[in-house]
Amino acid sequence: MFTRRQFLQLCAKGALACSLTPTFISKLARAMENIDKKPVVLWIENNTCAGNFFSFMNTLNPSLRQLLFESIELRFSNTLMTAQGEQALDILEETMEEGDYILMAEGTIPTKADGHYGTLGIRNGKTITQLEMINRLAGRANYIIAVGTCACFGGPYAAYPNPSGSVSLSEATGKETINVSGCPPNPDWIVGTLTHVILFGMPNLGTHNRPTMFYGENIHYRCPRRQMFNSNQFAEKPGDEGCLYLIGCKGPATYSDCPTRQWLSQHHSWPVEANTPCIGCVNADFPERSMPFFEPLPDQRIGGFNIKAANLKRIVAGGTALAIGTHFVANLASGRLKQKLLKAQRKETNDTLKPFKKPKKIGENNDSHE
Ligand code: SF4
Ligand code: F3S
C-alpha cells in the first residue's frame, strides 16, 4: 500500500525521488489503479505565456503519456484539446453540471472593463470572460490549483502599471487555492501536487499556500555555493565561479527545493549551477521585488538595521558566517553583528571602501572569459 508518508518521503528527496525512479512510478501506478474513476482535471489558460503547461508536459516520471492515459482525465486544456469554440466551452458547462473535478489554472485574470481584457470564447452569442468562467468553475471544483507565479500571485501580468487590473486566481475567486508557484514551476511540483490531491487530498501548505513538500526550504541553505558565501568568494559577473549574491542572487530570500531537485530531468541543472543567479521566480513579489535581476537583494531591514549588500561583503570578509533571515536575527540578538553593522555603516559614509562594482554585460569584456 502506498501511504501518504511514503509519498511525502519520495517527494521530499527531490531529484532522487519524485522524478526519476521507477519505484515511484510503479507505486504511483498501483495507487492509481485503486481509484474507481479517473479524476477529471480542467486546465484553464488565462492571461499567460502557457509556459506552465509546457513545463507540465515535460514531466518525465510519470511521463505525460502515463499521466494522461492512465491516471487522469484531462478534459479541458487550451493547448492540447482538439475541440474549439462553442464545442470547447460546452465541455466546461457539462463538466460543471457533473461537478467532482479538479480545477488547475495558469495566468492572471483581468478584472477591468468587466474582465473583457481576457476572454475564453463566445457561446450563444455572448462573450465569456475568464473572470466569469473561472469564478463559475471555482464554485464547483473539489480542489483549485494555481499553476505558475502569475496565477498564484499576479507575477509579471499584474506588475505595475497593470492596466488590465490583472489579479491572481485566489483574488479573482476568493476561494482557497493551492499555489504551485514558479516561472514556470518545476514539472515535479505540478505533478506531485496534483498526485497528492488525488491520492491523499489537501497537502500541507506553508507560506503563501504553497505545498511544504516542495517549498519548505530556503535555497541558500542547500546551495552548493554556500561555503563560498561564507568564505567571501563572490562572483563579479554571471559565468564566474563563486557565490552569486553580489550579482543579484535571491536565493537567501527564496523557498523552493531547486538545489536538490534541480531541472531538466536527466540533464540536471539549476540556475546557480548554470552560473547565473536565482531570480526568485517562485516568490510572491516576483518580478517587481526581484528587479533589477543582477543587483544584490534590496537592503534588508532586520532588527532595526538596514543591511546593505556592500556591508554584508565587508562583514563576511571579517569572518562572520552569515545567512539571511533567522541566522541574521540570531546574530543580531547576540549583539556581535550589531557592532559590526554599526561599524560598517559608519565606514560606508566615509566611503573608505570601493563601491560595489556593477557587473559588466556578458560579452562586454571578453578578457574576463579566459
Ligand atoms: Fe547560493 Fe545564491 Fe546563497 Fe550564494 S547567495 S550561496 S549563490 S543561494
Ligand atoms: Fe526560480 Fe530561483 Fe529556482 S529563479 S527556478 S526559484 S533557483
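## Close-up views of a predicted protein chain

**Figure 1. Overview of the chain.** Among contacts in the protein chain (contact means heavy atoms within 4.5 Å) between residues at least 6 apart in sequence, 74% join residues at least 24 apart. This is a predicted model, in which local features need pLDDT of at least 70 and side-chain atom pairs count only at pLDDT 80 or more, while totals for chains, interfaces and linings use all residues. Residues are numbered from 1 along each chain as its sequence is written, chains are lettered from A and ligands numbered from 1 in the order in which they are written, and side-chain values use heavy atoms, with hydrogens and water left out. The protein chain holds 16 helices and 11 strands; these are DSSP runs numbered from the N terminus, with helices being H or I of at least four residues and strands E of at least two. Of its 370 residues, 51% count as buried, where buried means under 20% relative accessible area, exposed over 50%, and partly exposed in between (1.4 Å probe, protein chains only).

**Figure 2. Here we look at an open sheet of five strands.** Follow the order β2-β1-β3-β7-β9, with parallel pairing; two strands pair if DSSP finds at least two bridges between them. The edges belong to β2 (73-77) and β9 (178-180), each with a single partner strand, so one side of each is left without a neighbour in the sheet. On average, neighbouring strands of this sheet are turned by 20° against each other, direction ignored. Axes are lines fitted to C-alpha atoms, for helices over the stretch in contact, and angles run from 0 to 180 degrees between N-to-C directions.

**Figure 3. Strands β1 and β3 meet helix α5.** Strand β1 (residues 40-45) pairs with strand β3 (residues 101-106) in the parallel sense over six bridges. Look for Glu-45, whose bridge partner in β3 is Glu-106. Helix α5 (residues 85-98) packs on the sheet and touches β1, β2 and β3. The direction of α5 makes about 130° with that of β2.

**Figure 4. Salt bridges reach from helix α5 to strands β2 and β5.** A salt bridge is a side-chain nitrogen of Lys or Arg within 4 Å of a carboxyl oxygen of Asp or Glu, and by this rule the count comes to 11. In one of them, Arg-75 joins Glu-98, with the closest N and O atoms 3.1 Å apart. That pair links distant parts of the chain, since Arg-75 is in strand β2 and Glu-98 in helix α5, 23 residues apart. Glu-98 counts as exposed because its relative accessibility is 51%. Arg-123 and Glu-93 also meet in a salt bridge (4.0 Å, N to O). Arg-123 lies in strand β5 and Glu-93 in helix α5, so this pair ties together parts that are 30 residues apart in sequence. Arg-123, at 23% relative accessibility, is partly exposed, whereas Glu-93, at 14%, is buried. Both belong to a network of salt bridges with Asp-90 and Arg-136.

**Figure 5. Arg-261 and Asp-257 form a salt bridge.** The closest N and O atoms of this pair are 2.9 Å apart. Arg-261 is buried, and so is Asp-257.

**Figure 6. Lys-112 sits in a loop between β4 and β5.** The flanking strands are β4 (109-110) and β5 (119-123). With 43% relative accessibility, Lys-112 counts as partly exposed. Leaving aside neighbours within four places in sequence, Lys-112 is in contact with Tyr-117, Asn-162, Pro-163, Ser-164 and Gly-165. Lys-112 and Leu-131 are 19 residues apart in sequence and 9.8 Å apart in space, C-alpha to C-alpha.
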